[in-house]
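Thank you all for coming; I would like to spend a few minutes on charged pairs and helix packing in one chain. Please have a look at the sequence and the structure on the screen before I begin.

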Amino acid sequence: MNYRIPTGTKDILPSEIYKWHFVENKIRDVMRRFNYAEIRTPMFEYTELFSRSIGESTDVVGKEMYTFLDKGNESLTLRPEMTASVMRAFIENSLGELQSLNKVYYIGPMFRQERPQKGRLRQFHQFGVECIGSQAPENDVETMAVALSIYEELGIKNLNFKINSVGCHTCRPRYREALVTFLENVKNDLSAESQKRLLTNPMRILDSKNEKDFQLTANAPLMNSYLCKECSAHFDKVQAMLQSMNIAFEIDGRLVRGLDYYTKTAYEIQSENLGSQNALGGGGRYDLLAESLGGKPTPAVGFAAGIERLIIVMEAEKLSFGEAPKPDVYFVVLGETALKAVLPLARQLRQLAFACEIGQNDRSLKAQMRDANRQNARYVVIIGENEVAQNQCAIKDMKSGEQKNCPLNELSVVLNGALKP
Ligand code: HAM
């Protein structure tokens, strides 16, 4: 074969798509119950939207974006995430003028040129929500509850739900100063990556996966002891609300997240079944993003979560994805005359909402029966030249193995009674 799939991408094959449908149906159902409406934005945006929103010094913007010049010499980027796109759409369509609170969700592919490994792809899928227009802590908690409800209802166990506050423009500069002073003392022993970050994004050093960095920063000052009054009160309320809803959480003062737009609340949901890429999803508040993109000041909060990672965890926990779809009726067709009789019958059954498959007329009875079995058909209807001549067919119940004859013109009534979609 001359062609292979691009590195870090995956085909989702017909045999596994039912898992995706199952998960997506659950996501849409939970979104409906929390009253979030779907939004779809383009797969690519002008590059500056992402560099502005996510931050020049982040890995996503610095290393991972799929950026290209189109034929009109415009710099475009395949979306690495949706928060920036949603905020762009919110501002551009003046959604804030229609209602004070806009609650939207999305499901779709994102693109980041990362080093592929388990749970890390270059084209991956996220679902997420953005709740735009309020600074109330109940909205932070609502977005968390959406994510946790989806995992809970899918049956996922052993989740670690971590929350933190990353402060705001009032309190963060003072913290940053204290952190940099601390890090300067251990600077020469930090990993090369962290030494670079000391200049660009020192808070990310707390998030370093390097074991030595982790030890060196064990006693580093943490943001939550530097929060201003407002951020501190907000964080307290978030915790109290989570407690009132019986949602277990852990405060992780080192949780900083990899995107620059966060203010106040940051959170992550992790699973032990994921290995080093342990984040199922993450989010937080981003009260300054609208303004930085030229909109009116509009507080907002949201999260996004990886669907591939969710499926990995569900498989590891041996959870059910429901049943793969299967034909209700499989017509075993023997000969041209039989085919002529089957075509209108199948049409009628499909109109009645039954899933029908018509076997390949040029294959033997045995081969078609084998195929019906492989496809897990519920009933097989066998029609050959003799059956047509006698206006009959044979119906085989594939569960019980029982077979009986039935007049052709009564087939839909008999199946309707037996199957009731
Ligand atoms: P993020 O933490 O960059 O946040 O991504 C969210 C989730 O997407 C991750 O926890 C992970 O499950 C999944 N993910 C990210 N990169 C990959 C990858 N290369 N392969 C597979 N899965 C991946 C955001 O994207 C923010 N926009 C979340 C947000 C929404 N914050 C506020 N609103």
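With which residue does glutamate 193 form a salt bridge? The partner is arginine 197, and the closest N and O atoms of the two are 4.0 Å apart. I should say at once that this is a predicted model, so please take each value I quote as computed from the predicted coordinates. Both residues belong to helix H8, which covers residues 192-200, and they sit four residues apart, about one turn of the helix. Their surroundings can be read from the accessibilities: glutamate 193, at 32% relative accessibility, counts as partly exposed, whereas arginine 197, at 10%, counts as buried, because the cut-off for buried is under 20%.

That pair is local, and I would now like to turn to pairs that link distant parts of the chain. A search of the whole structure finds 26 salt bridges, and one of them joins the side chains of lysine 103 and glutamate 142, at 2.8 Å from N to O. Here lysine 103 comes from strand S5, residues 102-111, and glutamate 142 from helix H6, residues 137-154, so that 39 residues separate the two along the chain. Lysine 103 has a relative accessibility of 16% and therefore counts as buried.

Another such pair is lysine 162 with aspartate 252, whose closest N and O atoms are 3.9 Å apart. In this case the two are 90 residues apart, with lysine 162 in strand S7, residues 159-165, and aspartate 252 in the loop between strand S8 (250-251) and strand S9 (263-271). Are these two residues, lysine 162 and aspartate 252, buried or exposed? Both of them are buried.

Beyond the pairs, there is also a network of salt bridges, which links Lys26, Asp29, Arg32, Arg33 and Glu153. This brings me to helix packing, since Lys26, Arg33 and Glu153 also appear in the contact between two helices, H1 and H6.

The axes of helix H1, residues 17-33, and H6 come within 10 Å and cross at roughly 135 degrees, and H1 and H6 are therefore oblique to each other. The crossing of H1 and H6 is right-handed. On the H1 side the contact is made by Phe22, Lys26, Ile27, Val30, Met31 and Arg33, and on the H6 side by Val146, Ser149, Ile150, Glu153 and Leu154. Sorted by class, the contact of H1 with H6 has seven nonpolar residues, one polar and three charged.

For the second helix pair we return to H8, whose axis comes within 11 Å of that of helix H7, residues 172-186, with a crossing angle of roughly 145 degrees. The crossing of H7 and H8 is left-handed. H7 contributes Arg176, Val180, Leu183 and Glu184 to the contact, while H8 contributes Leu198, Leu199 and Thr200, and by class the contact of H7 with H8 has four nonpolar, one polar and two charged residues.

Let me finish with a loop residue, threonine 41, which lies between strand S1 (37-38) and strand S2 (44-46). At 13% relative accessibility threonine 41 counts as buried, and, if we leave aside residues up to four places away in sequence, threonine 41 touches Arg79, Met82, Ser85, Arg88 and Ala89.

How values were computed
Residues are numbered from 1 along each chain as its sequence is written. This is a predicted model: local features need pLDDT of at least 70, side-chain atom pairs count only at pLDDT 80 or more; totals for chains, interfaces and linings use all residues. Side-chain values use heavy atoms; hydrogens and water are left out. Buried means under 20% relative accessible area, exposed over 50%, partly exposed in between (1.4 Å probe, protein chains only). Axes are lines fitted to C-alpha atoms, for helices over the stretch in contact, and angles run from 0 to 180 degrees between N-to-C directions. A crossing is left-handed if the near helix is turned anticlockwise from the far one by less than a right angle, and right-handed if clockwise. Contact means heavy atoms within 4.5 Å. Ala, Val, Leu, Ile, Met, Phe, Trp, Tyr, Cys and Pro count as nonpolar, Asp, Glu, Lys and Arg as charged, and the others, Gly among them, as polar. Angles under 35 degrees count as roughly parallel, over 145 as roughly antiparallel, 65 to 115 as roughly perpendicular and the rest as oblique.
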